[in-house]
Amino acid sequence: MYTLDSYDVAVVGLGVIGSACLLELARRGWRVIGIEQSAASRVVGSSAGDVRMLESPTPVSAARAAAEKVSRVLWGRLEREAGKSLIQQTGSVTLSSGGRRCPADAASSSGAEELARLIPWARIEEGMEIVHDPHASLVRAEPAVHAMRRLGSRRGAKLCFDSTASLRRSPGVGGQYALEVGGSRLSAGTVLLCLGPWMAAAAGDELRDGLRIERVATHSLSTASVTSMPGDSPYVCWLGAGYEFAVIPVAEGARSRFGRFGLGPAESVSMAMRPIAPAELDVDLALLSRWAPDLAGIRQEIKTVTSAYTHTLNGEFRLRRLASRVHALTACSGRGFKFAPLLAQEVADILEDCPDAPRLVETQ
Ligand SMILES: Cc1cc2nc3c(=O)[nH]c(=O)nc-3n(C[C@H](O)[C@H](O)[C@H](O)COP(=O)(O)OP(=O)(O)OC[C@H]3O[C@@H](n4cnc5c(N)ncnc54)[C@H](O)[C@@H]3O)c2cc1C
């Protein structure tokens, strides 16, 4: 028996990574509590927004490509468990120029005729390397996070929203860590910090080391009137000299989104999320005019959201031990959403001391 305020694991931060860990640990029968600073109805950090790509449009190692496939299967399982549509197989087209390469093992290149049929709204220039992946998918980001939280709660996890946790680093009676959450006290055998871009600020230099907060802007515009862009159009990424740019048609609401994969580093989450500067917007609009001229005329309807994600050195996913059973999971490197269910399995394996297996997560 256990009291209501004693848990095996406290997961602090319920973005996609914390929510996936919460669900996986609850599935395995752990007594879990999830603590999130924002309201239950909201997704605020790097995981906020409408969609995320489940396959990488840029070249990745063979190990990463294999991990994407495993994670894609786990996303399918989550969608079935949630009983609602979370994933849309749209296909993707990657177009590279200026010395950039497409992903090596992506599906076949398509002929010009087929591309003209698939993405008549996108400009393709002579000499570009082209890869069409008909299996590429998008996941509905915020509904996916809510589904993980809900499924975790159904399996017995306790959820605390509008709450931050303060933690004493050394375990107390019975080896439990004491946490103050919203004026109440609880204890947990293990604490897992999944703070996304807030990680760098949370625990001082030991966490800041090797982490970088990246600023990103996504713009959305209504493409309902763009007849060249059907709702089921694949998303398109252009890899050029010094930039990666994407246009993602989102069937829901007929709003498409576009943006570069990063505007550069920021000192803090709030600096990353400051409003878009005219010069930054100009660069994105110039790329839109160049690569998707049919969309470039709809400027008055553009809505921009700025957000933050985290880069780690070498793009690794890392689980850092801060104290005997206090771990910080940094799962980002810009494209971490797709790996969330797989990382959660690996973290649960590590916490259960399962024998070593090849992992994406590096333990430190
Ligand atoms: C615009 C954009 C596009 C992206 N596109 C893709 C893509 O196509 N494919 C892909 O795979 N990845 C993509 N990524 C990256 C991916 O979304 C992130 O890697 C992932 O969402 C990180 O999740 P997280 O849970 O680690 O962080 P977050 O989602 O930021 O979660 C951290 C949570 O911790 C909470 N928190 C922080 N401090 C505290 C505290 N003290 N107490 C309680 N709670 C706290 C925050 O409120 C937040 O909910 C994109 C990111 C962005 C921003």
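Let us start at Arg 335, which lies in the loop between β19 and α9. The model we are looking at is a predicted one. Is Arg 335 buried, exposed or partly exposed? Its relative accessibility is 29%, and for that reason Arg 335 counts as partly exposed. Leaving aside residues up to four places away in sequence, Arg 335 touches Thr 58, Glu 244 and Phe 261. A further pairing concerns Ser 56: the two residues are 279 apart in sequence, yet from C-alpha to C-alpha Arg 335 and Ser 56 are 7.9 Å apart in space.

From this loop we proceed to helix α9 itself. The helix covers residues 340-351, twelve in number. From first C-alpha to last, α9 reaches 16 Å, close to the 16 Å expected at 1.5 Å a residue. Ten of its twelve residues are buried, so α9 is largely enclosed by the rest of the structure. Among the buried residues are Ala 340, Leu 343, Val 347 and Leu 351, and Glu 346 is also one of them. Which elements do the buried residues of α9 pack against? The partners are two helices, α1 (16-27) and α2 (62-82), together with the strands β11 (184-193), β18 (317-323), β19 (326-330) and β20 (361-363). After the helix comes Asp 353, with a positive phi near 60°.

I turn next to the nonpolar core. In soluble globular proteins, nonpolar side chains tend to be buried together. Here the largest nonpolar core has 49 residues, and those touching the most other members are Ile 17, Val 32, Trp 75, Leu 192 and Leu 329. Two or more residues of this core come from each of β1 (6-12), α1, α2, α4 (141-154), β18 and α9. Ile 17 deserves a closer look: with residues up to four places away in sequence not counted, Ile 17 touches Ala 340 and Leu 343, as well as Cys 194, Leu 329, Ala 331 and Gly 336.

Finally, I come to the empty space. How many cavities of 30 Å³ or more does the structure hold? There is one, and the largest cavity contains about 100 Å³ of space. At least two residues of its lining come from each of α1, α2 and α9, and α1 gives the most, with four. The lining includes Ala 20, Leu 23, Arg 77, Met 148, Pro 341 and Ala 344. By character, the lining residues divide into seven nonpolar, one polar and three charged. Helix α9 thus returns in each of these last two topics, giving two or more residues to the core and at least two to the cavity lining.

Technical notes
Residues are numbered from 1 along each chain as its sequence is written. This is a predicted model: local features need pLDDT of at least 70, side-chain atom pairs count only at pLDDT 80 or more; totals for chains, interfaces and linings use all residues. Side-chain values use heavy atoms; hydrogens and water are left out. The expected span of a helix is 1.5 Å times one less than its number of residues. Buried means under 20% relative accessible area, exposed over 50%, partly exposed in between (1.4 Å probe, protein chains only). Contact means heavy atoms within 4.5 Å. A nonpolar core is a set of buried Ala, Val, Leu, Ile, Met, Phe, Trp, Tyr and Cys residues joined through side-chain atoms within 4.5 Å. On a 1 Å grid over the protein atoms alone, a cavity is a set of points where a 1.4 Å probe fits but cannot get out, and a pocket is an open set with protein on both sides within 12 Å along at least five of seven lines; lining residues have an atom within 4 Å of a point. Grid points are joined across faces, edges and corners, and a volume is the space filled by probe spheres set on the points. Ala, Val, Leu, Ile, Met, Phe, Trp, Tyr, Cys and Pro count as nonpolar, Asp, Glu, Lys and Arg as charged, and the others, Gly among them, as polar.
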